[in-house]
Amino acid sequence: MNTIKTAPPSNPEAAYGNSYILTLSCANRPGLVAAISQLLFELGYNITEAQQFDEQDSGLFFMRIVFSAAVADPTPPEAAIGELADRFSMMWLLRDVAVRPKVMLLVSKFDHCLVDLLYRWRIGELPIQPVGIIANHPASTYTHIDFGNIPFHYLPVTKDTKAWQEQQILDLIQATGADLVVLARYMQILSNTMAAALSGRCINIHHSFLPGFKGARPYHQAFDRGVKLIGATAHFVTHDLDEGPIIEQDVERISHADKPDDLIRKGRDIERRVLARAVRYYVEMRAILNGSKTIIFQP
């Protein structure tokens, strides 16, 4: 059983209408949807959104449900959902919508994705709580960015200090209670140890339409091949470089007149929107891991 602990409302009078998001996966069997719906009804909740997917090849069932209190004093849902999950052997996650996931942002020299995420957070588009920014470049690299009260951590890395630097990052993630780590163009390859420690909660933006043009200088690779479409890919980080389950992708048409710098310029725009959508899908619990793939319940 997997669950995200939820925080009780500070004001009990505000509990009415409190909303939760529940995701689950298990072997498909008759009566699943009915059992979940009946349970939430009995607890005093109303389902406001529901999406489901039955994967025929594997026989697995996936579901995302948004529900809110329909009575003034509903029963807290976690324990009852846990009992139902045990009965159906479900993997599940539950989150109080009012509790914003804590996010740690990692960045290198190129900061366009970081700036975009901070902007979307500030205007209320991304329901996240940034708890830190970690960079392998000094603060002077980012003097044009307003970090506000978000702690900034400069952790340079070399071949000889990589293990130490990664441990510092993991310590910060643990100390801040970060739920999600975002590699916002963090141009360092994570070790197998770090990738394993962040499994299922680390998103990377790759400046290429994976699985094509992996590794370094993908836009130059694309230019050399004379492609007519370029793209970007947001994926979960695994120990296999650029091979993690894909969350979101997008493309843009180019022409023979575009030079590598044009591809890089257009690519920055794709990277920003792809990463933002991937982070949104994660924090809204729309992305469910399914082996080497993902189930994405679109908004």
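Residues 24 or more positions apart supply 68% of the contacts in the chain with a separation of 6 or more, where contact means heavy atoms within 4.5 Å. The model is a predicted one, so local features need pLDDT of at least 70 and side-chain atom pairs count only at pLDDT 80 or more, while totals for chains, interfaces and linings use all residues. Residues are numbered from 1 along each chain as its sequence is written, and side-chain values use heavy atoms, with hydrogens and water left out.

**The chain as a whole**

- Seven helices and 13 strands make up the secondary structure of the chain; helices (H or I, at least four residues) and strands (E, at least two) are DSSP runs, numbered from the N terminus.
- The chain is as compact as a globular protein of its length, because its radius of gyration of 21 Å is close to the 19 Å that the globule rule gives for 299 residues. That radius is taken over C-alpha atoms, and the rule is 2.2 Å times the number of residues to the power 0.38.
- Along its principal axes, the C-alpha trace spans about 60 × 45 × 35 Å.

**Surface and charge**

- Of the 299 residues in the chain, 46% are buried (buried is under 20% relative accessible area, exposed over 50%, and partly exposed in between, with a 1.4 Å probe and protein chains only).
- About 14900 Å² of the chain is exposed, and carbon and sulfur atoms supply 53% of that area; accessible areas come from the Shrake-Rupley method with a 1.4 Å probe, and for residues only the protein chains shown count as cover.
- There are 29 positive and 32 negative side chains, with the centres of the two sets 6 Å apart. Lys and Arg count as positive and Asp and Glu as negative, leaving out His and the chain ends, and each charge is placed at NZ of Lys, CZ of Arg, CG of Asp or CD of Glu.

**Glu 284 and its surroundings**

- You will find Glu 284 in the loop between helix H7 (260-283) and strand S12 (287-290).
- Glu 284 has a relative accessible area of 15%, so it is buried.
- The side chains of Glu 284 and Arg 286 share a polar contact of 2.8 Å (a pair of N or O atoms within 3.5 Å; within protein, one must be able to donate a hydrogen and the other to accept it, and residues adjacent in sequence count only if both atoms are side-chain atoms).
- Beyond its neighbours within four places in sequence, Glu 284 is in contact with Ile 21, Arg 64 and Arg 95.

**Two other residues to look at**

- Glu 271 sits in helix H7 and counts as buried, because its relative accessibility is 0%.
- Ala 139 lies in the loop between strand S6 (129-135) and strand S7 (152-154), and its relative accessible area of 42% makes it partly exposed.
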